[in-house]
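Q: Could you help me learn to read a protein structure, one feature at a time?
A: Gladly; let us look at the model together and begin with a term that will be needed straight away.

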Amino acid sequence: MKRLGIAAVLALVAAAGWPTAAVADATAETLRTVLDKVQPSLVIVSFYIEADDGRKAEARFLGSVVGENNLVMFTSLVIRDNVAISQYKDFRVIVPGAVDGKSYTAEYLGKDDVAQVAFVRVTDPSAPKLPPLEFEAAELQIGDPVVGFGNLGEPDAYKVMVQDTRVQVVIDKPFRLYPVDGDLGVPGTPVVTFDGKVVGLATIYVFNRGTNAQPQAGRTQIVWPTERFLERMKNPPEGGQQVKRPWMGVAGLEAVSEDLAEYHGLGERRGVVVGRIIAGSPSDKAGIKVEDLILSIGGKDIKGTEGQLVTAFQNEIRERKVGETVDVEVFRDGKVVPLKVTLEPQPKSEAEAVRYRNKQFGLGVRELVLDDTLVRELPNDEKGVIVHFIDSSGWADAAGLSDGDIIKKVQDREIAGIEDFERIFKEEVEKKPKEIVLFVLRGLKDKQTQLLRMEPRWDAAESGGGTSPGGAPSEPQP
Amino acid sequence: MRTSHVWAVACAALAAWSAGCRPASQGDERLAYVEVENVIKRARDMVYPAVVRVEARKTEYFRGQKERVGGFGSGVLFDSQGHVLTNYHVAGRAEELSCTLFNKERVKATLVGADPWTDLAVIKLNMDEVREKGFQITWAPFGDSDTVVEGDTVVAIGSPFGLSRSISFGIISCHDRILSEAMDLGGGLETGLFSTWLQTDAAINPGNSGGPLVNLRGEVIGINTRGGGNDLGFAVPINVAKNVVAQILDTGKVLRSTIGVQFQALQDLESFLDVSKTEGAIIASIEPDSPAENVLQPQDILLEYDGHRVAGRYPEELFELRRHIAGTPVGREVTLKIRRGGEPMDIRLTTAELTTVRSDEVNFEKWGFVGQNITKRLATRENLKNTRGVYVTGVRPGEPAHKVRLSQGDVVFQCEQAEIDSVEQLQKVYDEAVKEKKPRILIKVWRGPTIKVEVLRIEYDAEPEAAKEPAGAESPKDDKDGDTKQESQRQ
């Protein structure tokens, strides 16, 4: 990023050094026009991510004003799923190129991973009213030129850079995407056609460029078209949460191959094979079974090449509404069986899991979410909390506790969930015992339980004082 | 290239050693040194003629592809019938074996039995061949590894990097070393759970494996098994080997019992568990579907096993405890005295046979994968529902199974509407399908908790019997030898 910035500066200096007689072609004129149009709506979203060990890292991304009252949209790729939203701090918005370099406080509204957008709203009353960009849905063709944006860093007042590239290929299934043959700028920034239409966002997409048997992932910059996020832009989330998309609770999906379709005499029909049903999920309640072939959803057949079927199906679910009841046709024992599934919101994610951290012990735990139990092949309602952070200088680390351990008991007291853990742990710590013994479950497949003994050094902790775990000096570990 | 390098280093070291040890001053020091040298040479004379270089060839599957793998190691003759003790990782699963003796004669040998848990194997020289060639064999006596202490002088004899008849010299660095990291003999085969190691600084390099560690009385006290570089070598204590050898000579295999628990050392947990005296061992974990399931609980303290008091204060003692339990006859009802929540209790359970994760692989050639039966141990390690089905150990690229993305670790449980419990059953379905030239095969597998349903598309050659596999497949195998070795090193 920085290197790019320097290169760009050099390029600008070089350009400025040319005599004014240099030929300005039509493209140059277009780029300037487009930049003039878009620039007033471009802003920098700045925030800090506080890691589990308390260290803060700054992040700054170019985004754009997309609604009244300074609603700002940027890419959701930078709001990670394994970090609690409470660890994202101090959201601010900076106007690039402003001479005063002032930043304005903002509130994080939330994100939608499917639409790939996240939102903040400027809350600072002294902030100027910025003009929102008008996005529109438009179909691009191969070869169409498009304009993207980047920005310089703080020393250069975040000045906006402009660049153009062309649509390389048009992807149409399960939805339209436009890979480009060059640099499109910072993910989450607007993409504008030469006639000034704001048609999407720049983003990075991973395509399978190999065969099904030997996938080869390739990262490409693409135009993420307006229709992917327009609805969300009009109805931005609130309260800093991930937007819940509809969920059916089927997993281990595989495409119905040509051979499988032929074997079952399905003719031209295709679909997906259900590999696993999450207990208690909508599909479980609807009576979908493992090994069922899902052929249609909402009266629409699932179509596409073998490599497209699973995403086509998933997309059909995501694009619906939570609470909607959809018709599903499954093929089972030689017959087509019609079923109705009522879609529920996605279960809690790791980022949403409630956390508890004890600095003295150098220990961070969080509640178990569905993904944890799926990965470990445990029952959905497994009791306990999961360790997600161990400070290498803390008492928990010395006891041999590690990331991913599930704590089942503290001092022989059963732990049902995170509230339980916090209460019991605090009660036990209050007693200042010479040891706190945990009963933990470890391992993904071959799981084993064991006792781990944490030995607090209360005297050292008190004299050492402060936040440094274990009373140890807070020097970097070798 | 590599060997010559090792040679150069070895020669330089030897020169330095002899130069450094040439007595420069007092005569009594010289005398003492000569004395030490004589003792070492006496020990050498007792064992050196009994040490052999073992050459082994075996069939392995790499990604479903049959390969012949060659390797070598060391071994030691221990009786007049020509039995040789070596490592499992040298001779286990070998189909062709030969030994080069100290007199440079090469003699064919056969595998008598092998035990991956202790990484030991017994092979037998072809004694007819020995007689035909007209020489006598010499064998080495076993010592008592329980009396070995740190500082004992030892020599290691074997074929480091294939350099047969090499001797190295050092002391016992630790008599009961535990190596905590998981030991894998390839294919997930576990080892090292039932014994601690004799650690020595006598040089042990690849190729020393299976050779003897010898005390100055000329007795074998260990089988050199692992070299860590940096003067860290590890030998299986001979007392552990004695029991293994006896069972192999008796029945050709080693039977062990399990009760399905993992132990934890008591140390530092006495007050939490309210154990006044430090006796017993903590039962930390219970394996699913094992004799201990629903009978024992985590945090129970095992005080007595089948009439024997249990010591488990230190991790080192858990090896002895595990070995003791493993030594119980399979299927025997045993009484365990335990303490649970402060209360003493008697528990009765019946021991089960301890299996390894591996069993014979079967090649489903036309379908493009290799599979094996599921042992109890494999089911535990891989969290499989039960021991039913065929565990896929390898999928050959480009073949039907690969095209539908079957992968290592999948469990075939249904094929062509037939429930599959074992490789024998799948073999039957396979043979029938091949005979009838079925073009499409419906196959269902478990992948962890997920079911995968696929149809294999099978092509049959125009001329059915003409293209018999072995003849065509044999010749390229030798060409691939170099690759195979590389592959096995990566494992």
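A: A residue is called buried when its relative accessible area is under 20%, and exposed when that area is over 50%. Please keep in mind that what you see is a predicted model.

Q: Which residues are buried in helix 6 of chain A?
A: With that cut-off, helix 6, which spans residues 309-318 of chain A, has A:L309, A:A312, A:F313, A:N315, A:E316 and A:I317 as buried residues.

Q: What do the buried residues of helix 6 of chain A pack against?
A: They pack against several strands of chain A, among them strand 14 (246-247), strand 15 (250-251), strand 19 (293-297) and strand 20 (300-301).

Q: How should I read chain A as a whole, and what share of its residues is buried?
A: Of the 478 residues in chain A, 50% are buried, and the chain contains 10 helices and 30 strands. Among contacts with a separation of 6 or more in chain A, 59% are between residues 24 or more positions apart. Chain A exposes about 22700 Å², and carbon and sulfur atoms supply 51% of that area.

Q: How do I read a sheet, and in what order do the strands 7 to 12 of chain B close into a barrel?
A: In a regular strand the side chains alternate between the two faces of the sheet. In chain B, six strands close into a barrel in the order 7-8-9-12-11-10, with antiparallel pairing. Neighbouring strands of this sheet are turned by 45 degrees against each other on average, if direction is ignored.

Q: How many bridges pair strand 11 with strand 12 of chain B?
A: Strand 11 (residues 220-227) and strand 12 (residues 233-237) of chain B pair in the antiparallel sense over five bridges, and B:N224 in this pair stands opposite B:A235.

Q: Where is the other closed barrel of six strands, and what is its strand order?
A: This barrel is also in chain B, where the strands run 1-2-3-6-5-4 with antiparallel pairing. Here, neighbouring strands are turned by 40 degrees against each other on average, direction ignored. Within this barrel, strand 5 (residues 106-115) and strand 6 (residues 120-125) of chain B pair over six bridges, and B:A114 has B:A121 as its bridge partner.

Q: Which strands does helix 5 of chain B lie across?
A: Helix 5 (residues 238-251) of chain B lies across strand 11 and strand 12 of chain B, running at about 45 degrees to strand 12. Helix 5 of chain B also lies across strand 3 (83-87), strand 5 and strand 6 of chain B, and runs at about 55 degrees to strand 6.

Q: How do I follow one strand to its partners, and how many bridges join strand 18 to strand 19 of chain B?
A: Eight bridges join strand 18 to strand 19 (residues 343-350) of chain B, and the two run antiparallel. Strand 18 (residues 333-340) of chain B is also joined by four bridges to strand 16 (residues 301-305) of chain B, again antiparallel. B:L336 in strand 18 is the bridge partner of B:Y305, and B:L336 also stands opposite B:I347 in strand 19. The hairpin of strands 18 and 19 of chain B has two residues between the strands, and B:G341 takes a positive phi near 55 degrees there.

Q: Finally, how many residues does each chain give to the contact between chain A and chain B?
A: Chain A gives 35 residues and chain B gives 34, and the area buried between them is about 3100 Å², of which carbon and sulfur atoms give 49%. Eight salt bridges are found across this interface, and the side chains of B:R440 and A:E262 meet in a salt bridge at 3.2 Å, N to O.

Note on methods:
Residues numbered from 1 in each chain as written. Chains lettered and ligands numbered in written order. Predicted model: local features only at pLDDT ≥ 70, side-chain atom pairs only at ≥ 80, totals over all residues. Heavy atoms only, no water. Buried < 20%, exposed > 50% of the residue type's maximum accessible area, 1.4 Å probe, protein only. Contact = heavy atoms within 4.5 Å. Areas by Shrake-Rupley, 256 points an atom, 1.4 Å probe, with all protein chains shown as cover. Pairing = 2+ DSSP bridges. Axes fitted to C-alpha atoms, helices over the stretch in contact; angles between N-to-C directions. Buried area = accessible area lost by both parts, 1.4 Å probe. Salt bridge = Lys/Arg side-chain N within 4 Å of Asp/Glu carboxyl O.
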